[in-house]
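The exercises that follow ask the reader to work from contacts outward to cores, helices and overall form. Each task is followed by a solution in steps.

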Amino acid sequence: MHLKYESQLREPLVYGDKTYKQVTEDIVRPIEAKPTKLWYVGFYIAVALLMFGVYSVYREVTYGIGQWNLNKTVGWGWDITNFVWWVGIGHAGTLISAILLLFRQGWRTGVNRAAEAMTIFAVMCAGQFPIFHMGRVWMAFFVLPYPNSRGPLWVNFNSPLLWDVFAISTYFTVSLLFWYSGLIPDFATVRDRAFTKLRKRLYGIASFGWTGSTKHWQRHESLSLVLAGLSTPLVLSVHTIVSFDFATSVIPGWHTTIFPPYFVAGAIFSGFAMVQTLMIIVRKVFAMEDYVTIGHIEAMNKVIVLTGSIVGIAYLTELFMGWYSQNKYEGYTFWYSRAYLFSPYGWSYWGMMACNVLSPQIFWFRKMRRNIFVTFFMSIIVNIGMWFERFVIIVTSLYRDYLPSSWSVYYSPTIWEIGFYAGTFGLFFTCFFLFAKYFPVIAIAEIKYVLKTTGEGYKNQMGHIEEQKLEEFVHEHAHH
Amino acid sequence: MAKKKFVVGCFDDEAVLFPAVKKVRTAGYKIHDVYTPFAVHGLDHAMGLRETSLHTAGFIYGITGTATALSSISWIFTKDWPLNIGGKPHFALPAWIPIMFELTVLFAAVGMVLTFCYLCQLAPFVKKHHFHPRATDDLFVMVIECTDKTNTDDLQAFLQSNGALETKVEVAEDGWWLGRYDKDEMPFEDKQIVAA
């Protein structure tokens with residue numbers, strides 16, 4: 001007897017004949033087991049990268065922005081490129097946890113926890129760049145509107161850069177709350193089966209005294225739904241506002257109304273690629289292939305090919321408008337600085353085209369969507385491509401502007417600029433390794449919720465319902 | 001905090017739990033709570049709990065956020081320090097929409113989470129009585145509050161006849177207190193640590 005029924009034509013979301021107990025065991029196993037050698041190796045590499053990043057930032061703070069190769073013409077370089085890139089990566093987590101929740105997509109349950117963690121870590125990394133780009137970082141709090149002794153002199157509420165301050169900090173806070181409220185019941189699960197005193201105590205604190213009361217679950221469901229409803233327009237607003245940083249300026253190549261949807265699509269595109277990279281490793285290392293199935297990977301690849309194509313259309317629209325507007329500055333930026341392969345930065349434009357538009361088209365083929373190696377390789381290609389995209393937008397528009405006398409020499413980063421970027425990788429992976437070791441990487445309670453509808457074992461038992469006549473089915477189930 | 005007497009019945013299948021909840025309620029017993037490892041949809045209705053108003057609270061918090069943003073920005077830019085930005089209007093409403101929206105979301109989210117924690121009495125270092133350690137794992141634990149007239153043996157037999165796998169009588173605090181979980185019994189203490 002089952003309370004819910006789902007067609008057998010739909011692929012199961014949980015493979016194997018699992019019980020609730022097994023779901024707990026499988027997901028909590030990495031937390032309760034000692035970390036493997038591979039975990040230590042990965043963790044130490046991440047920490048080393050982080051330390052290199054800390055040193056690079058130390059150089060920048062001590063000696064100033066001159067440690068970077070920015071100049072008056074190319075005032076934004078790797079730093080803002082990396083900022084936009086990391087923020088974009090964060091978007092997939094919110095998309096999976098919020099938008100797919102509103103759309104009732106059951107497959108989100110397998111990947112939402114890790115994707116939300118990725119969001120939070122990515123936004124943490126993103127935030128570093130504008131903060132340290134300020135130069136005098138100890139005055140970073142000047143961006144906050146508070147009554148002060150300088151007049152009071154307020155921040156400019158009409159500026160997209162200030163909107164960004166509000167957007168990114170709200171996004172971080174809301175993502176963190178959403179993530180943690182989902183973690184509370186799962187921490188309680190870990191707490192109640194803990195076999196060391198320390199673990200029992202720490203997970204006891206982290207679980208806030210969660211009992212699993214029906215009333216609490218009812219409120220929890222309401223909270224998740226409303227937070228999802230809030231996060232959905234929020235995530236769209238965040239990258240929209242990031243794109244306003246460019247779109248509200250008068251720089252050729254930036255001053256365009258296509259930017260908000262184009263940036264949001266690009267953000268989801270790169271975010272899903274990062275989720276693929278992480279989940280393919282996590283499911284392998286923690287033996288969670290039953291929960292993050294090939295079906296999950298295929299579903300994400302479908303999002304990648306869709307958003308990649310949206311981004312492709314945006315590129316082509318920009319090229320078209322560069323010609324159609326008959327604006328010579330736009331035309332120069334799009335058709336010379338970007339699309340002409342032998343211009344100084346032509347390589348980055350064509351690298352972007354190859355990685356973002358051409359190569360994801362491989363995912364029109366089901367065989368490719370369901371191939372782990374192709375997916376893993378492509379996920380890295382897409383992230384390289386999306387980094388190129390931001391680099392192209394920022395540097396090719398800036399290095400040659402209206403006045404040839406202010407054109408810059410060829411901009412390339414210093415080791416400390418690269419070090420800062422590497423350092424954020426270190427921060428991201430340090431956090432992710434710790435998360436993977438100490439947090440349930442899959443939402444246990446949510447898997448249990450979908451288990452009896454979409455678990456393979458349960459679906460197979462429902463075979464006889466498919467064969468039943470309607471009258472028989474009604475007769476058998478009417479008394480409930 | 002007063003200690004109360006409870007009868008506890010554990011079920012391992014929600015499909016058995018639902019009819020049991022119905023029968024226990026028809027028989028006139030007062031269900032204290034049902035502890036489940038995940039959100040069982042419809043269980044709140046079966047137990048006769050009213051809908052939560054958390055979303056209404058969220059709406060109010062959101063409106064507060066919008067009002068905060070609009071009133072502070074308009075006061076700052078039109079009264080406190082009217083800044084001339086390229087001769088543009090001081091009251092530049094369209095340009096404030098992003099911040100108004102962000103504060104709406106921020107207030108609603110933070111307010112709702114705090115309200116949720118307050119209503120459910122959840123916070124770090126909070127400790128509550130747990131009727132069964134597997135209630136967060138794979139058991140659905142129905143807890144019935146006893147009165148002076150309750151015959152606990154009859155009630156346990158009644159629960160068992162309705163599919164409860166395990167029943168017991170427990171005297172417990174029903175509120176919360178500040179405490180540590182490692183003072184509890186350790187049901188899984190004999191377990192060995194294994195390398196993955």
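**Exercise 1.** In this predicted model, determine which residues B:Ala109 is in contact with, leaving aside its neighbours within four places in sequence.

*Solution.* With C-beta atoms within 7 Å taken as the criterion for a contact, and with the neighbours within four places in sequence set aside, the partners of B:Ala109 are A:Val174, A:Leu177, A:Leu227 and A:Leu230. The next step is to place B:Ala109 in its surroundings: the largest nonpolar core has 158 residues, and B:Ala109 and A:Val275 are the members that touch the most others. Helix H5 of chain A (residues 160–192) contributes the largest share of this core, with 16 residues. Domain 1 (3–47 + 134–183) and domain 2 (56–119) of chain B both give residues to the core, and it therefore lies between them. Finally, a second core, separate from this one, has 22 residues, among them B:Phe6, B:Tyr35, B:Ala135 and B:Phe158.

**Exercise 2.** Establish how many residues of each chain take part in the contact between chain A and chain B, and which helix gives the most to the side of chain A that touches chain B.

*Solution.* Counting first, 66 residues of chain A are in contact with 66 residues of chain B. Helices H1 (20–32), H5, H6 (197–206), H7 (214–247) and H15 (444–454) of chain A each supply at least two residues of the side that touches chain B, and H7(A) gives the most, with 16 residues. Sorted by class, this side of chain A has 31 nonpolar, 22 polar and 13 charged residues.

**Exercise 3.** Identify the buried residues of helix H10 (residues 328–338) of chain A and explain why they are on the same side of the helix.

*Solution.* The buried residues in H10 of chain A are A:Thr333, A:Phe334, A:Ser337 and A:Arg338. Because they cover an arc of only 120° around the axis, they are on the same side of H10(A). What covers them includes helices H9 (294–324), H11 (346–358) and H13 (372–398) of chain A.

**Exercise 4.** Compare the radius of gyration of chain B with that of a compact globule of 196 residues, and relate the result to the domains of chain B.

*Solution.* A compact globule of 196 residues would have a radius of gyration near 16 Å, whereas chain B has 25 Å. Along its principal axes, the C-alpha trace of chain B spans about 85 × 50 × 35 Å. Turning to the domains, chain B is divided into domain 1 (3–47 + 134–183) and domain 2 (56–119), and 45 Å separate their centres, taken over C-alpha atoms. Buried residues make up 33% of the 196 residues in chain B.

Technical notes: Residues numbered from 1 in each chain as written. Chains lettered and ligands numbered in written order. Predicted model: local features only at pLDDT ≥ 70, side-chain atom pairs only at ≥ 80, totals over all residues. Core = buried A, V, L, I, M, F, W, Y, C linked by C-beta atoms within 7 Å. Buried ≥ 20, exposed ≤ 12 C-beta atoms within 10 Å, placed from the backbone. Helix = DSSP H or I, 4+ residues; strand = E, 2+ residues; numbered from the N terminus. Domains from an automatic or database assignment. Contact = placed C-beta atoms within 7 Å. Arc of directions from axis to C-beta. Nonpolar A, V, L, I, M, F, W, Y, C, P; charged D, E, K, R; others polar. Rg over C-alpha atoms; globule rule 2.2 N^0.38 Å.
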